[in-house]
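The following questions and answers concern one protein chain. Each answer gives its reasoning and then the value or name asked for.

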Amino acid sequence: MLHIGCHLSAAKGFEAMGRQAVAIDADTFQFFTRNPRGGNAKAIDLDDVQNLRQILRTHEFPVILAHAPYTLNGCSADESIRAFATRTMREDLDRLEYLPGNLYNFHPGSHVGQGVERGIELICQMLDEVPLEDLHTTVLLETMAGKGSEVGRTFEEIRAIIDGARHGELLGVCLDTCHVYDAGYDIVGDLDGVLRRFDEVIGLDRLRAVHLNDSKNPFESHKDRHEKIGQGSIGLDAFVRIVNHPRLCHLPFYLETPNELDGYAAEIALLRAHYAP
């Protein structure tokens, strides 16, 4: 079965997201834990959470994915920004204990001139301040496009974070199709080769989710601009191969394309129509 969903707004609450997902034939979804540009999270409404849990059980959702805000930068040169990142991650993961057994994804961050090695060291320090071993949520590092001073543009950088964190064995990875293509991994012409390299460096057992995004930019552009499925430089045929690939097809897929709900519904229907279990 193809497990696919999209990014939904949490503004109207957890139950509303669950109902929206069901309405567009999704069986998973992603949401921001708070405003993507930062700020405090809303107070938890226990009834709202319980109503979502019932929807997830009724419709047999395998997992959902919470996304950290973009402002979470654990390797900033500014100590106050790093402190905000650590506090935000701890708060987010505490809140996700109300929805146990799911996923939490974050962008590793930007080292802003300090160098990749120092950036990785600071990210590991942030992760070491989070009680990963006590959580019922799996924390995922997202693969990045390499824009500016982003950390995580190569599989080797992701692996270095896993190896450097005290409980790196508990970390997983979310592969973003636009990001890896823009970073120089040819998922269009050599998907098998990219997955083989991922397995050699990180291990495919750590791959827990996939962001499905076409790219507005050409291969190895390091730009990170998402496009609708089939309308960018990656193209529909590549996405059909991705969702049907035997090393990937069991994973949850999340659309982050520039769409409203009707557009997401159309993309979900398109990919389900091309899924051949």
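**Burial, pairing and charge**

The cover over the buried residues of helix α1 includes β2 (30-32) and α2 (46-58). The model is predicted.

Q: Which residues of helix α1 (residues 14-23) are buried?
A: The buried positions of α1 span an arc of only 100° around the axis, so they lie on the same side of the helix. The face turned away from that side carries the exposed residues Arg19 and Ala23. The buried residues of α1 are Phe14, Met17, Gly18 and Ala21.

Q: Which residue just after α1 takes a positive phi, and of about what value?
A: The residue in question sits in the loop between α1 and β2. At 46% relative accessibility it counts as partly exposed, because buried means under 20% and exposed over 50%. The residue is Asp25, with a phi of about 65°.

Q: Which residue forms a salt bridge with Asp25?
A: The partner of Asp25 belongs to helix α9 (residues 261-273), 247 residues apart from it in the chain. At 22% relative accessibility, this partner counts as partly exposed, because the limit for buried is under 20%. The closest approach given for the pair is 3.3 Å, N to O, and the partner is Arg272.

Q: Which residues of the largest nonpolar core touch the most other members?
A: In soluble globular proteins, nonpolar side chains tend to be buried together. The largest core here has 76 residues, and its largest share, six residues, comes from helix α4 (residues 116-128). A second, separate core of seven residues includes Leu103, Leu140, Ala209 and Tyr254. The members of the largest core with the most contacts to other members are Phe29, Met89, Tyr104, Phe106, Leu212, Phe253 and Leu255.

Q: Which residues does Phe29 contact, leaving aside its neighbours within four places in sequence?
A: Phe29 is one of the residues that touch the most other members of the largest core. Its contacts include Met17, Gly18 and Ala21, which are among the buried residues of α1. Tyr254, a member of the second core, is also in contact with Phe29. The full list is Cys6, Leu8, Met17, Gly18, Ala21, Leu52, Leu56, Phe61, Ile64, Leu65 and Tyr254.

Q: How many bridges join strand β6 (residues 172-176) to β7?
A: Strand β7 (residues 207-212) is mostly covered, with five of its six residues buried. Within the β6 pairing, Cys174 stands opposite Ala209. β6 and β7 run parallel, and the number of bridges is four.

Q: Which residue in β10 stands opposite His211?
A: Strand β10 (residues 253-255) pairs with β7 in the parallel sense over three bridges. The residue opposite His211 in β10 is Tyr254.

Q: Is Thr143 buried or exposed?
A: Thr143 is found in the loop between β5 (138-142) and α5 (155-164). Leaving aside neighbours within four places in sequence, its contacts include Cys174, Asp176 and His179. The C-alpha atoms of Thr143 and His179 are 6.5 Å apart, although 36 residues separate the two along the chain. Because its relative accessibility is 2%, Thr143 counts as buried.

Q: How many disulfides does the structure hold?
A: A disulfide requires sulfur atoms within 2.5 Å. The cysteine sulfur closest to that of Cys174 is in Cys178, and at 12 Å it is too far for a bond. Both Cys174 and Cys178 count as buried, at 0% relative accessibility each. The count of disulfides is zero.

Q: Which residues does the network of salt bridges with shared partners join?
A: The structure holds 12 salt bridges. In one of them, Arg34 and Asp92 meet at 2.7 Å, N to O; Arg34 is in the loop between β2 and α2, and Asp92 in helix α3 (residues 79-96). Arg34 is buried at 6% relative accessible area, and Asp92 is buried at 1%. The network joins Arg34, Arg87, Glu91 and Asp92.

Q: Which residue forms a salt bridge with Arg197?
A: Arg197 lies in helix α7 (residues 191-201), and its partner lies in helix α5, 41 residues apart. Arg197 is partly exposed at 36% relative accessible area, and its partner is partly exposed at 35%. The closest N and O atoms are 2.5 Å apart, and the partner is Glu156.

Note on methods: Residues are numbered from 1 along each chain as its sequence is written. This is a predicted model: local features need pLDDT of at least 70, side-chain atom pairs count only at pLDDT 80 or more; totals for chains, interfaces and linings use all residues. Side-chain values use heavy atoms; hydrogens and water are left out. A nonpolar core is a set of buried Ala, Val, Leu, Ile, Met, Phe, Trp, Tyr and Cys residues joined through side-chain atoms within 4.5 Å. Buried means under 20% relative accessible area, exposed over 50%, partly exposed in between (1.4 Å probe, protein chains only). Helices (H or I, at least four residues) and strands (E, at least two) are DSSP runs, numbered from the N terminus. Contact means heavy atoms within 4.5 Å. Two strands pair if DSSP finds at least two bridges between them. The arc is that of the directions from the helix axis to the C-beta atoms. A salt bridge is a side-chain nitrogen of Lys or Arg within 4 Å of a carboxyl oxygen of Asp or Glu.
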